[in-house]
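Q: Please pick one spot in this structure and take me through it slowly. I'd like to know what sits around it and how that spot ties into the rest of the chain.

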Amino acid sequence: MIWSGGQIGQRLYAGRSDETVSSFSTQYDTTIIGKLSHDIGPVSATATVAYAPSQKSLGSDDNIYLNMGLSSGIPNTPVTVDASLGYTSGSLSAGAPGGDYLDWTVGATLTAGIFNLGVHYVDTDIKKTGIKAVDTLYDPTVVFKVGVAF
C-alpha cells in the first residue's frame, strides 16, 4: 500500500504490488492499483482501477482492469451480500486468451465472531478456445471462503 485515507462514508486507496513467481527470479511483476469507496445509505460502492505495465508474465503486453462493486449488510443479520462487474483490456498471462472481457461476481459473507464464511459465484465472458484444458480455467465456478479477522 502506498496511501490510504478518507472520511466517514468515503475511502481512497492507492497502491502498488510487486511480486516474483519464483524465489530464483529477479524479475518482478508490477501492478498499480487505485480504489475509491463511498457509502450510499446502507450500500457501499467501490470503484477499482488496476494497471499492469508490459511484462513477461503478461506475454510482454500490458493490462488494465476496471471494476465496480456494491455491498450491503442485511439488517439485523450477520450477513453481507455483494456483487461486482469488472472489465479487462489486455492479457491475463502469457498463455491466456488476450483481448477484452467482462467478469462478474455475486455472493454473501457471514460473520460469526472472528470468522468470516463466504460463498461467491464467479463467471466471465471469455470465449471458449475448444481446448478443454484451457477452457476449464475460465468456467463459471462457486468459491467458498473461510477467513479469520483479529
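A: Let's start at His120, which is in contact (heavy atoms within 4.5 Å) with Asp82, Thr105, Val106, Gly107, Ala108, Thr109, Thr141, Val142 and Val143, once neighbours within four places in sequence are left aside. Before going on, keep in mind that this is a predicted model, where local features need pLDDT of at least 70 and side-chain atom pairs count only at pLDDT 80 or more, while totals for chains, interfaces and linings use all residues. Residues are numbered from 1 along each chain as its sequence is written, and side-chain values use heavy atoms, with hydrogens and water left out.

His120 belongs to strand S8; helices (H or I, at least four residues) and strands (E, at least two) are DSSP runs numbered from the N terminus. With a relative accessible area of 12%, His120 is buried, a word that means under 20%, against over 50% for exposed and in between for partly exposed, using a 1.4 Å probe and protein chains only. One of its contacts gets a closer look: the His120 and Asp82 side chains share a polar contact of 3.0 Å. That term covers a pair of N or O atoms within 3.5 Å; within protein, one must be able to donate a hydrogen and the other to accept it, and residues adjacent in sequence count only if both atoms are side-chain atoms. Thr109, another of the contacts of His120, is eleven residues away along the chain, with 8.5 Å between the two C-alpha atoms.

Now hop over to Thr105, also on that contact list. Thr105 sits in strand S7, residues 100–112, and is buried too, at 16% relative accessible area. Beyond residues up to four places away in sequence, Thr105 touches Asp82, Ala83 and Ser84, plus His120, Tyr121 and Val122. So what joins these stretches together? It's strand pairing, called when DSSP finds at least two bridges between two strands. Strand S6 (residues 79–90) runs antiparallel to S7, with eleven bridges joining them; one bridge couples Tyr87 with Leu102 in S7. S7 also pairs with S8 (residues 115–124), antiparallel again, over ten bridges. Among the partners there, Val106 matches up with Tyr121 in S8, and Asp103 with Thr124 in S8.

The link from S7 to S8 is a hairpin with two residues between the strands, and Gly113 in the turn has a positive phi of about 65 degrees. S8 in turn pairs with S9 in the antiparallel sense, this time over eight bridges, and Leu117 stands opposite Val146 in S9. Just past that strand you meet Ala149, in the segment after S9 (141–148). Ala149 counts as partly exposed, at 43% relative accessibility. Setting aside residues up to four places away in sequence, Ala149 touches Ile114 and Asn116. Ile114 is 35 residues from Ala149 in sequence, yet their C-alpha atoms are 5.1 Å apart.

Between S8 and S9 there's a charged pair as well. A search of the whole structure turns up one salt bridge, meaning a side-chain nitrogen of Lys or Arg within 4 Å of a carboxyl oxygen of Asp or Glu. The partners are Asp139 and Lys128, with their closest N and O atoms 2.4 Å apart. Asp139 lies in the loop between helix H1 (132–135) and S9, and Lys128 in the loop between S8 and H1, so the pair ties together parts eleven residues apart in sequence. Asp139 itself is partly exposed, at 31% relative accessible area.

Stepping back, the chain has one helix and nine strands, running β-β-β-β-β-β-β-β-α-β from the N terminus. Of its 150 residues, 23% count as buried. Among contacts with a separation of 6 or more, residues 24 or more positions apart account for 33%. The exposed area is about 9,800 Å², with carbon and sulfur atoms supplying 65% of it; areas come from the Shrake-Rupley method with a 1.4 Å probe, and for residues only the protein chains shown count as cover.
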